[in-house]
Each structure stands twice: as C-alpha cells, then as structure tokens.
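Grab a pencil and work through these exercises with the structure open beside you. Try each task before you read its solution.

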Amino acid sequence: MPHEKLTRMANQIATFFATQPGTDQAERVAMHLNDFWGPEMRAELKAQAAEDDSDLSPLVKEAIPLI
Amino acid sequence: MKDFIIPWDDDRDMGTKAVQGAPVTLTVDGFEVTVPEGTSVMRAASEIGMQIPKLCASDNLEAFGSCRLCVVEIEGRRGTPASCTTPVAEGMVVRTQSSKVKKIRKGVMELYISDHPLDCLTCAANGDCELQDMAGAVGLRDVRYEAPEDGSLINHFEQRQGDQPNPEWIAKDDSNPYFTYDPSKCIVCNRCVRACEEVQGTFALTIEGRGFDSRVSAGGPANDFLTSDCVSCGACVQACPTATLQEKSVIELGTPERSVVTTCAYCGVGCSFKAELNGDELVRMTPYKHGEANRGHSCVKGRFAWGYANHQDRIMNPMIRDSIDEPWKEVSWDEAMTFTANRMRGLQEKYGRKSIGVITSSRCTNEETYLVQKLARGVFMNNNTDTCARVCHSPTGYGLGQTFGTSAGTQNFDSVEHVDVAVIIGANPTDAHPVFASRLKKRVRAGAKLIVVDPRKTDVVRSAHIEAAHHLPLRPGTNVAVVTALAHVIVTEKIYDEDFIRERCDWDEFQDYAAFVSDPRHSPEMTEVLTGVPAEELRKAARLYAQGGNGAIYYGLGVTEHSQGSTTVMGIANLAMMTGNIGREGVGVNPLRGQNNVQGSCDMGSFPHELPGYRHVKGDEVRALFESKWNVKIDPEPGLRIPNMLDAAVSGSFKGLYCQGEDILQSDPDTHHVQAGLAAMECVIVHDLFLNETANYAHVFLPGSTFLEKDGTFTNAERRINRVREVMKPKNGYADWEVTQLLAQAMGADWNYSHPSEIMDEIAETTPGFANVNYEMLDARGSVQWPCNDAAPDGSPIMHIDGFVRGKGRFINTEYVATDERTGPRFPLLLTTGRILSQYNVGAQTRRTENSIWHSEDVLEIHPHDAEVRGIKEGDWIKLASRAGETALRATLTDKVVPGVVYTTFHHPDTQANVITTDFSDWATNCPEYKVTAVQVGLSNGPTEWQREYNEQAARSRRIQTAAE
C-alpha cells in the first residue's frame, strides 16, 4: 500500500482517539489497529515507522510498540 | 382471484381499518360479535365471516361511504346506513340481508352496470374484478337502462354512440410502462385517489368534475400518468376494483392462478410480496398486506421492476477464460468448478494462504452469505471476507456497537406510527426507502414534526401536504459539527433527560462528555461558518427534538459515507441517549439500510474481523465453537477489507477473489484504483446474474439465481428475518448457495447441505441472537426480529428496553475534523452522490426493466448560479473532474442543491460517477467518502476519452465465444 495512504489511515485513527478523555489513548489506537487491521498491514506500518516516522502523528508513534 | 395458497392467515379485505378500543358487542344477522369501539359495522360483520357487498371500501383506506352498496338495516335507526361509515354500538342489532337492502343494492348495481361495458369475457380483470363479484353477490340479472340509439343519452364507455363520436369517452392511457388507465371502465369509487393520498402520500391523482362528469385525473403536462406526479408505486392499481387500473403484465399474460409470499430483493425496507404466477411464469408482484415491514404497500421497484429476471442479458451457463483479453468460453458446471478450484488453490500454493478472498453479497440470502464467509474461513483458511456493507453502513456497525453495544437499528418500522419528531439525517427516504417514506409522511400528515439534515432540498423537506419544521442544509462533510452542535444546545440549555441518563448511562461519563460538548467551539454560532447551517434554526431544531415528545432519528448513507462516518453515528447515538429517546415505541436510532440484506450480511460474519453474530475472531471461545462445528482451524487475525484487498492486489500480494452478487467496479470509489486492483489479480470469480462491470476483469463467471428462484431469508433494516421463497426453479440450474457449495466441494470441503433450512439451523446453533430461528417458525409467524432466543422467544421489535446491550449506554466525544478532501481553485465545488426512486444502486437490475423510462442516464444537478458562471444551460454536456478522474454527463439546473454543491447518481456505467470519487475513507471502518468530492464542472462536447476507452474495453471483455469458433 502506498506509504502516504497507510500513514493517513493511521493518523485518522489517532486523531479520533486523541479527542477522547482518559490517559490511554495510545493503547486505544493500538487496540483499534490490532482489531481491524490485518497483521500484514500492521507489519507494513511498523516497518514504515521504523524507516521514517516523521509523517506519523505522535499518538501513532506511541501506539506502534503496542501493535 | 381465488385459491391463493397462503401459508398463514387469510388476507380478505375487511372493508375498513382495524382500530383499538374498548370491547363492544353487537349482533349481525343474529350472530353475536365483539369488536373494539370505533370499528365499522362492515368490519364487525367481516370478523364473523359475513362479507357485506362493497365497492368503495377497502381496509387500507378511510371509509368513504360513496358506493351505497354496503347499506344495512339497524334496529331502532331510520333508513339504511352505509355499514362502512357506521361505527358499532353496544347492543346494536344489524341486518345485512333484509329485502329492503337487497333491493337497494340491486338498484345500485344496475345503475353501475348501465354505465359499464359488458366485455367481461375479454376483460383483463375477468375473474379478478370486484364489480363482477358484486353483480354476482347482489344477484343482478337484468339491466333495464339503455342509451337510446340517437345518442341523446350518453355513457362513458362507448367510443361512438349511434353515428356520432361519444364526447364522454376517453381513450386508454398506457403511458405508464407497467399499468394502464382505462377511463371507460371506471366506476369513480375514488379508491385510487384515496390510495394515492392516504397510502402513498403523493397526491398525484384527483377527481376532476362533478356528478356524471367526475373522472379520475392524473394531471401533469400531458394529463397522463407518466408525466404526472405519479411515482408508480402501484397503490392505485392495487386499490382499483375493476380493470380501470390494470397491470400490463396481467393484460398480456392473464390472471394468475397461484401465489407465494416472499420478500422483495431491492432496498433494506424488506417488503413482503405475493409473487403471483401461472405455473412458473410470474404474472405480477403485489404487496402482501400482512407483511410487517410494508403493511400492504410497495414502490415501483418491488411492485413492477422484476423483468430483469427474464432479461436476455442474463447469463445461464458458467464461463471461463485464461485471461481477460480472451472471449468467454461457455463450459459445464463441472469444468467451471474444476478450473476455478485449481486456479484458487494454485494461487494459494504460489502466493500463500492469504492471497485469495471473498466478497459476500448483501443482495443474497443470509444462508448464502453465511456460506461464502464460511468458504473464506473454513476452505480458504483465512479471514479475507468482506461485504458491500463496507461501503455503506460499516460505520453504523462500529458506532452503534461502541455506544449501545450492538450493530443494528433499535426499532421496527411500525414504531414510526408513534413518532412525534422525526429527524432525517443524510437520507432521502422517498427515493431510497419509498415504502418507509410513505409511512413516515402519513405520520407527518397526522401531526408529527420533521427535521431534515441534508445538503439537498429532498422531497421530504417539502412536498404535497408535508413540510419539514426545520431543514438544516449543511455543507457536505460537516455532519459531526452539526450533530455536536445539536448536542451542545441540548446540554447547555439543560433540556436533556437527566433521569434517563442517570439510570441507563454512566452519569460521570456524561459529565465528561457534557464538559466537552459545552465548549463554545461546538456552539451553533461558532460552527455556522463551517456548516452553513443558520445557528438559530439549528437551536430550534435541537429544542424540538429534545422537547417535542417521542424523537426518532432515521439516517442513511449521508451519515456514514464520510471520513468521520463512525463519529457521526456515535454523535447520533449520543443525541438519542441524552434525550431519553431509546427503548420504547416511537423513538430510537434507525439506520436506513441500503440493500435488502445489508443487515443480514453483517450479522452473518461477512466482515474480516468478526465471526457470525459480531464476535471478533480473536476470541478463543467463539473460534473454538466454529472450529468444532466446521472441523477446521480458524485464523485469529483479522483479514482484509475490500479497499485493503484492492491495495494488496495492486502491490501484488492479493491474487484471487470470489465476488458474489456485487459489482465493485461500478459501486466502489475511485474506479481507476478498482480497475488496477482487479487487473492485477490472476483469478477473479464473478457470481452474478449479468456480466456486470466487475466481470470485465473476471476469469470465471458463475451464473446466479434471482430471489424468485431460491429459498432463504433476508434481514431488513429493522432486524426482521423474512422468508424468501423459491417461486420457480433456478433458470441457471442452481440456487446461489448450491453454487458456493459446489465450489467448496471442488476445493475439497465436505459440505453437504441439501436445503437452506439446514444452513439456518447451523446459524441458529452458533449465533446466540438467532438461537430460536428456524424455517418452521418463520413459516408459522411470517417473520421475526432478532435477537430471537430463549430470552426473547418472540423476537425483539424494539431493543434496549430495560438496558443497553452493552450494559450502560456510553457517551463518546465527537470532535469535528475537516476531511482532507477540500475545495480549492482547481476543484471549487463539492460533489455528493445518491440515488433516485426508479433506479437501484448500480442499476444492474433496474436498468434492465422499464424503469429506465424515468431515468435513462445519470445527470448532474447544479445550482443555476454555479451553472451561469460556467455558461452551462439545462441539458448541456458537461465534464465533471476531480483529482481522481473525470467523466462527462448532462447537467440539470435546480435549486435542490445550494450554490457550491453538485449532485449526481451512480446508476449507469456509461457515466461511472465513481471515477470521480476518491480513496478517502472513514477513519474507523474504511467506508469510502462518497459524499464529499471536490470537483470542477465545465462544458464539454460529449463523453470523455476515458469513457470511450472504458466502453470499448467492456465490449471486448463481454465477448462470448460461440461453439463454431
């Protein structure tokens, strides 16, 4: 999948959870990714983040180790 | 028509409507009968099997009292009152067959017949004519009145009288493709006019003139049915007691001799119909009066648009080809299955277990859908299964699951009869869910208030005898801002239902939410600049919803098909919870589902992350349940969703797809991307009635069966499980569930279902909400709404009555985030897409019927202001371009859309509106953002180069090799 599409989709998820109360937003982003993205897409995101995570929102970066 | 085989209940016309009231006892011809207060004498007699002769009465209309055929004598009352308009009274003594009333009836019938042609033997209604029946019932043996030869007394039915043309004779109107209006046979009973008003709510018909000059008139530019306001719902045809309004199919084929009750295969309303046949030839579809979704009403699609089932384009034999450049080769089922199984297994060997997948159909039955997802999980051994709900209501599943705990509407359709304030958000029910719209409009005419949140001035905003109290014409893409602003008003003005929230939700959580939503940035005044909705109007709408009594929200794809679709669904759930509008009749959150079985396909585990019954594949227990049942190991990780499949295909890891009853090339967004994805696959199996657009890229075509040719169930928008019945044998040889089973067997699976009822039994065994559902029960009761199990043996018309499925209702913050799809200098207008009444979705079915007379091409609606600055006039060819692609179509100028917004439908592959739509999607579910695309519109000479190339490729791809080649 194109780099920017994966980034956009991950960032969209983070944007939602960032507006929710509590302190577990990163966990909830990770949980959403684990529940709805197949392992290949998650692996692709992780690989992409390892290479260059400058376009990822801070919350996605925080969630990456949890997926 | 007689001798219908109806599996339950009788469907006699009781003359007048059923009412509720205290019991009243009377006698009719000496027999005692007890009925509710307010019941007519006619109905009371009917209840004990006495059919009082009648012509103008029908039990779906208000009593009218005009034909005078139903007169009776009542002890202690003067004269002979009409039994249809006379309510029962305690101790009343009624005589229905006194010599006095018999004489009156005979006299009335004699007068009717004196102005009616006596061509009964060759009349299309012969044997199905109430006038004929009544002449028989009253014993009419003689007509004394005859027009003199010299033409001095005229009638309505003779074209010529004597040697003169008869000025009162009006030619038959056959402008409507499905029925004729023959004024010479009209008895002016008014039933058609009343049905159009009371049942359909269109008010297209009227009675013109008075006395002898009274004629039914459709008006319109040409004073015919086609050019009038008539929406061809068939209610008038159904109501007509004679051959005046008559189905053309009956004229052509004769009166049907048997009928089978089944369920319509168009929209999510799920109307019950009687399929009426001679042998296995379908003559007509008539709405079934005991159908609980439609209560005897229908629309043009279900009632008339079934001709596609016999269309010459229908493919009856399996076909294969090695590559999509080759013509199709017709083969036996055996050969097709061997070819397909080898290819799919080959792909898995070469590219891995997860390189293939399925798309289940929301057009097919629950049983068929269940099998297709089982094929992915139990034969392909992966979770690569998805369904077209992905591109319509997947945000509903996520949003309502998060807030209420279950992915479904909360009400039944009957609930609309108790609504005080209906809020319609992003839905166009008169076009997309017409039968529900008729029921809604009826309630609005009775006094309920209407709030419409929609960028367009849809017909429910204002049409005959209804007008929305508030129309909030928001800019496409700002749903969350509007819904949150509504909540802001309700919370800050403290007009929420504190008792409900305290009891049914978490009060502390609500406090957090209230703090969030009270922030001034969510106020209507602040959001007005984004949304374009006047703040004061929004405030009034919020107050009306919160304080106007029973408030019910009905929403459609205008809510879900956005980057923030799931967020809007949660916002809607918040509104319902904070106002206590959940858990009883007349309220609730009601997603209007697009396709006939979208609800069912979601229920059946079509999504890649969940097994049937919305249970995540990661759950060990639920996997174990299916593993022991199916004897396989189920993958605990979610599979690919449709957009992910296409992305994976383009990047080379997804190679094979079994697509049942869905045309993703036409219906999914960003056509170029879908094309690229399909072209990259090595085995695309299309299982459909026709060579649809997706089939242009297919290697295997498996012919499908129509809803008339198989047994099964559909689940409609109100969670109602309705039976679909095999009214004729599959013309292609196999019902769709059998085709899937053949494929599974060819791939080595040990599947041996001999009837869909066995599949339903397996569903019931594995899915708690369906635990008590079986065919025997459905045949006995007609239908049932899930959950249906030991806790709710009669099903669940209304959900969340004493508590939410998830326990406490959950408020979720809904922050508005602008979509990335923005207008700018290159693309200054916003395109939103939708459908119209006569066509259905990609049009594969309706384009192959006479419905195209109403809509033969997609057109672009544009505001006169936007048109003028571009030099566009009515009917001009225009080019519509977005960053995704461009297409050309004709423009129509209308103020239904506001300046800055344009609108079109996606019914025709020649237009391919989805070449324009982008790959942006809902954050939670990847539901595409069909409803917002930045576009530019300019004059053009005709179809674009791309459209021409597309059509050439499609034509090439549809070639079928003849035996001689």
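**Exercise 1: two helices that cross**

The axes of helix α2 (residues 99-114) of chain B and α3(B) come within 10 Å and cross at roughly 140°. Axes here are lines fitted to C-alpha atoms, for helices over the stretch in contact, with angles running from 0 to 180 degrees between N-to-C directions. Helices (H or I, at least four residues) and strands (E, at least two) are DSSP runs, numbered from the N terminus. Before you start: this is a predicted model, where local features need pLDDT of at least 70 and side-chain atom pairs count only at pLDDT 80 or more, while totals for chains, interfaces and linings use all residues. Residues are numbered from 1 along each chain as its sequence is written, chains are lettered from A and ligands numbered from 1 in the order in which they are written, and side-chain values use heavy atoms, leaving out hydrogens and water.

*Task.* Classify the pair α2(B) and α3(B), then list who touches whom.

*Solution.*
- Step 1: Angles under 35 degrees count as roughly parallel, over 145 as roughly antiparallel, 65 to 115 as roughly perpendicular and the rest as oblique.
- Step 2: α2(B) and α3(B) are therefore oblique to each other.
- Step 3: From α2(B), B:M109, B:Y112 and B:I113 touch B:L131, B:M134 and B:A135 of α3(B); contact means heavy atoms within 4.5 Å.
- Step 4: Sorted by class, the contact of α2(B) with α3(B) has 6 nonpolar, no polar and no charged residues. Ala, Val, Leu, Ile, Met, Phe, Trp, Tyr, Cys and Pro count as nonpolar, Asp, Glu, Lys and Arg as charged, and the others, Gly among them, as polar.

**Exercise 2: two partners for α19(B)**

*Task.* Work out how α10(B) lies against α19(B), then do it again for α13(B).

*Solution.*
- Step 1: Helix α10 (residues 394-403) of chain B packs against helix α19 (residues 565-578) of chain B at about 40°, their axes 8 Å apart. That makes α10(B) oblique to α19(B).
- Step 2: Residues of α10(B) in this contact include B:Y398 and B:L400, and those of α19(B) include B:V569 and B:M570. The contact of α10(B) with α19(B) counts 7 nonpolar, 6 polar and no charged residues.
- Step 3: For helix α13 (residues 479-492) of chain B, the axis comes within 9 Å of that of α19(B), crossing at roughly 20°. So α13(B) is roughly parallel to α19(B).
- Step 4: Among the residues making the contact are B:V483 and B:L486 of α13(B), and B:I572 and B:L575 of α19(B). The classes for α13(B) with α19(B) are 9 nonpolar, 4 polar and no charged.

**Exercise 3: salt bridges and the chain contact**

*Task.* How many salt bridges link chain A and chain B?

*Solution.*
- Step 1: Look for a side-chain nitrogen of Lys or Arg within 4 Å of a carboxyl oxygen of Asp or Glu; that's a salt bridge.
- Step 2: Between chain A and chain B you get 6 salt bridges. In one salt bridge, B:K354 pairs with A:E40, with the closest N and O atoms 3.0 Å apart.
- Step 3: Now take in the contact itself: 23 residues of chain A meet 29 residues of chain B.
- Step 4: Over all chains, the structure holds 63 salt bridges. Try B:R191 with B:E130, at 2.9 Å from N to O. This pair links distant parts of the chain, 61 residues apart: B:R191 is in helix α4 (residues 191-200) of chain B and B:E130 is in helix α3 (residues 130-137) of chain B.
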